[in-house]
Amino acid sequence: MSTQNYHYTLWLWLEGMFPRRLNYFLLMKGLVSTPMDLLQGTTNVPNLRIVKMRPDMETGSWKFDSEADALPRGTSTPCLRVTDTQTGRERWVYESVSILSYFESIFRGHGLTLLSLDPLDVAATNDIIGVINLAMAEGGTYMRHACPAMAAWSGLKNEDRSHAAALNSYGIMVKDLRKVQIWAEDTLAETGWLTPGVQGPGLADITLAAGRRYLELGYGWDIFEREELKVLAAWYKRFKNTLPWWDALEEREDVHPKEMMLGKEYREV
Ligand SMILES: N[C@@H](CCC(=O)N[C@@H](CS)C(=O)NCC(=O)O)C(=O)O
């Protein structure tokens, strides 16, 4: 079945950490033209539709412009529905990394190339993305234990939070990010980026940069603050400076919901 017969529906909470990966991807591939188009959900691809969603802070559920666009149970954002327009059959892709690599393969030839075709480069990219995801999960555990406001949202009782657990996860996150630096050493020396076999920033770069920016906006946290992560700190500066749309997207006035911007003073350790 040709992908021409598919219709793609992509659910994005544009301010979120994992959907942010798709924001960067869509702009780098030219599948949306500008940050403004992205914020309005306008794509350049006739069979790709973006459904914008946002958290309802009072109920803890998601809000959609239309009830018909509500996500089914068992999903998170980003999430992709693929509808075969000939048969009506629907299939789903649930994980940000799976959506990125699927889109990269079907939109190869659009915009920048973000993943090498060489199987060894792909394996090395998957290694790096895997450890980035582990680092992000540890970062989340750190936040839940370190930050009372965050604990409330995530179902952890305040009295069950533990500073020891917070610091333990912080340490594991740093160890995981050190692995990223070590595993990407050759690629960083060759191109300045984390994704092997491509000339510019690729899928591994997108995956890490989105988390770095989200945690800074939400919690005033520079996850590369430790001296031992200075290679990643320099890499991130390069990433921001390379992308022509960065400021328009990431430095805009309403870049993050004000009620979700907890400064670093909200963290106890
Ligand atoms: N592993 C998932 C994580 C997605 C995720 O946790 N998204 C958040 C928003 S940034 C979410 O939808 N949380 C609500 C939920 O999981 O029900 C991915 O990489 O796509």
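**Notebook: looking around a predicted model**

I started with T9, which has its place in strand β1. I'm working from a predicted model here, so every value below is computed from that model. Is T9 buried or exposed? Its relative accessibility is 1%, so I put T9 down as buried, the cut-off being under 20%. Then I listed what T9 touches, leaving out neighbours within four places in sequence: R49, V51, C79, L80 and R81.

**Entry: L48**

Next I went to L48, in strand β2 (residues 48–55). L48 has a relative accessible area of 4%, so I noted it as buried too. Which residues does L48 touch, not counting those up to four places away in sequence? I got Y8, L10, L26, T43 and F103. I also checked a spacing: L48 and R91 are 43 residues apart along the chain, and their C-alpha atoms are separated by 15 Å.

**Entry: L31**

I looked up L31 and found it in the loop between α1 (17–28) and α2 (35–40). Buried or exposed, for this loop residue? L31 comes out at 0% relative accessibility, so it goes down as buried. Skipping residues up to four places away in sequence, I have L31 touching F25, L26, T43, N44, V45, F107 and H110. L26 and T43 are on this list, and L26 and T43 also turn up among the residues L48 touches. For distance, I took L31 to S76: 45 residues apart in sequence, 22 Å from C-alpha to C-alpha.

**Entry: a cis peptide bond**

I checked the bond from T77 to P78 and found it cis, with omega near 5 degrees. P78 sits in the loop between β3 (62–64) and β4 (79–84).

**Entry: aromatic pairs**

How many aromatic pairs are there? I get a count of 26, with ring centres within 6.5 Å as the rule. I wrote up W11 with W92 and Y170 with W221.

W11 and W92 have their ring centres 5.4 Å apart and 25 degrees between the planes, and the pair is stacked. Where do the two residues sit? W11 is in strand β1 (residues 6–12) and W92 is in strand β5 (residues 90–93), so this pair links distant parts of the chain, 81 residues apart. W11 has a relative accessible area of 1%, so I call it buried. W92 is at 22%, so it counts as partly exposed, as buried would need under 20%.

Then Y170 and W221: centres 5.7 Å apart, planes at 40 degrees. Why is this pair tilted? Stacked needs planes under 30 degrees apart and edge-to-face needs over 60, so 40 degrees lands in the tilted class. This pair also links distant parts of the chain, with Y170 in helix α6 and W221 in the loop between α8 (203–219) and α9, 51 residues apart. Y170 is buried at 5% relative accessible area, and W221 is buried at 0%.

I also noted one aromatic cluster, formed by Y24, W193, F224, W235, Y236, F239, W245 and W246. The charged end of R238 sits over the ring of W193, 5.6 Å from the ring centre.

**Entry: α9 and its helix contacts**

I looked at α6 (residues 163–183) against α9 (residues 230–242). Their axes come within 9 Å and cross at roughly 70 degrees. That falls in the 65 to 115 range, so α6 is roughly perpendicular to α9. On the α6 side the contact uses L177, V180 and Q181, and on the α9 side K230, V231 and L232. By class I have four nonpolar residues, one polar and one charged.

Then α8 against α9: an angle of about 95 degrees, axes 11 Å apart. So α8 also counts as roughly perpendicular to α9. Which residues make this contact? From α8 I listed D205, I206, L208, A209, R212, R213 and E216; from α9, L232, W235, Y236 and F239. The split is seven nonpolar, no polar and four charged.

Cross-checking, L232 appears in the α6 contact and again in the α8 contact. W235, Y236 and F239 from the α8 contact are also among the members of the aromatic cluster.

Notes:
Residues numbered from 1 in each chain as written. Predicted model: local features only at pLDDT ≥ 70, side-chain atom pairs only at ≥ 80, totals over all residues. Heavy atoms only, no water. Axes fitted to C-alpha atoms, helices over the stretch in contact; angles between N-to-C directions. Helix = DSSP H or I, 4+ residues; strand = E, 2+ residues; numbered from the N terminus. Parallel < 35°, antiparallel > 145°, perpendicular 65-115°, else oblique. Contact = heavy atoms within 4.5 Å. Nonpolar A, V, L, I, M, F, W, Y, C, P; charged D, E, K, R; others polar. Phe/Tyr/Trp six-rings, centres within 6.5 Å; stacked < 30°, edge-to-face > 60°. Buried < 20%, exposed > 50% of the residue type's maximum accessible area, 1.4 Å probe, protein only. Lys NZ or Arg CZ within 6 Å of the ring centre and 35° of its normal.
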